[in-house]
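Me: I should like to learn how to read the main features of a structural model, step by step. Please give the general idea first and then the case at hand.

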Amino acid sequence: MPAKTVKAAIEELRSAVQSLEIAIDGRFDKEKDVSEFEGEVRRVNMDRARLAQELDQSQFRANRLEEVNREVSRRLVTAMETIRAVLDR
């Protein structure tokens, strides 16, 4: 009878170790998934930051072009008025 008890205890221990190994493997898989997810979030945040910077630069260029356009328009009006004044003499 004691031999069966020892064998049963060994089987229970093997079963417990196997369950523990399965649980550890599952935990590693979950940590890997979380790590991959965190990496993807970092990449998305880096892309967002880059796109925000590009948007800011584009907005600055658009504002600068608008200013230059207004200055060119002002100068054209001045030139046309000067030409009209010369032609009216």
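The dialogue that follows treats overall form, charge pairs and surface patches in turn.

Me: How many helices and strands are there in the chain?

Reply: The model is a predicted one, and its features should be read as such. The chain has one helix and zero strands. That helix, α1, covers residues 2-88.

Me: What radius of gyration does the chain have, and what would a compact globule of 89 residues have?

Reply: The idea is to set the value for the chain beside that of a globule with the same number of residues. A compact globule of 89 residues would come out near 12 Å, whereas the chain has 38 Å. The spans of the C-alpha trace along its principal axes complete the description: they are about 130 × 10 × 5 Å.

Me: Which separations between C-alpha atoms illustrate this form?

Reply: One compares a separation along the chain with a separation in space. Asp29 and Arg48 are 19 residues apart along the chain, and their C-alpha atoms are separated by 28 Å. For Val86 and Leu20, which are 66 residues apart along the chain, the C-alpha separation is 98 Å. Leu20 belongs to helix α1, and Val86 is found in helix α1 as well.

Me: What share of the residues counts as buried?

Reply: A residue counts as buried when its relative accessible area is under 20%. In this chain, 1% of the 89 residues meet that condition. The accessible surface amounts to about 8,600 Å², and carbon and sulfur atoms contribute 60% of that area. Val86 serves as an individual case: its relative accessibility is 49%, so it counts as partly exposed.

Me: Why should one look for pairs of charged side chains?

Reply: Side chains of opposite charge can pair when their charged atoms come close. In this model, a search of the whole structure finds nine salt bridges. One of them joins the side chains of Arg14 and Glu11, with an N to O distance of 3.2 Å.

Me: Why are Arg14 and Glu11 separated by about one helical turn?

Reply: The separation follows from their places in the sequence: Arg14 and Glu11 are three residues apart in helix α1, and therefore about one helical turn lies between them. Their accessibilities fall into two classes. Arg14 counts as exposed because its relative accessibility is 53%, while Glu11, at 46%, counts as partly exposed.

Me: Which salt bridges involve Glu71?

Reply: Glu71 forms a salt bridge with Arg74, in which the closest N and O atoms are 2.5 Å apart. The side chain of Glu71 also meets that of Arg75 in a salt bridge, at 2.9 Å from N to O. Arg74 is three residues from Glu71 in helix α1, so about one helical turn separates the two. Arg75 and Glu71 lie four residues apart in helix α1, again about one turn of the helix.

Me: How exposed are Glu71, Arg74 and Arg75?

Reply: Glu71 has 29% relative accessibility and so counts as partly exposed. Arg74 is partly exposed, with a relative accessible area of 46%. Arg75 reaches 57% and therefore counts as exposed. Elsewhere, salt bridges that share partners join Asp47, Arg50 and Glu54 into one network.

Me: How far apart are the mean positions of the positive and negative charges?

Reply: Here one averages the positions of each sign over the chain and compares the two means. The chain carries 17 positive and 18 negative charges, and their mean positions are 4 Å apart.

Me: Which residues form a negative patch on the surface?

Reply: A patch is read from residues with over 30% relative accessible area and no salt bridge. The negative patch consists of Glu21, Asp25, Asp29, Asp33 and Glu36. Among its members, Asp29 lies in helix α1 and is partly exposed, with a relative accessible area of 48%. Asp33 has its place in helix α1 and is partly exposed too, at 49%.

Me: Which residues form a nonpolar patch on the surface?

Reply: Leu20, Ile24 and Phe28 form such a patch, and their accessible area together is about 300 Å².

Definitions and conventions:
Residues are numbered from 1 along each chain as its sequence is written. This is a predicted model: local features need pLDDT of at least 70, side-chain atom pairs count only at pLDDT 80 or more; totals for chains, interfaces and linings use all residues. Side-chain values use heavy atoms; hydrogens and water are left out. Patches are made of residues with over 30% relative accessible area and no salt bridge: like charges are joined within 9 Å, nonpolar side chains (Val, Leu, Ile, Met, Phe, Trp, Tyr) within 5 Å. Accessible areas come from the Shrake-Rupley method with a 1.4 Å probe; for residues, only the protein chains shown count as cover. A salt bridge is a side-chain nitrogen of Lys or Arg within 4 Å of a carboxyl oxygen of Asp or Glu. Lys and Arg count as positive and Asp and Glu as negative; His and the chain ends are not counted. The place of a charge is taken as NZ of Lys, CZ of Arg, CG of Asp or CD of Glu. Buried means under 20% relative accessible area, exposed over 50%, partly exposed in between (1.4 Å probe, protein chains only). The radius of gyration is taken over C-alpha atoms; the globule rule is 2.2 Å times the number of residues to the power 0.38.
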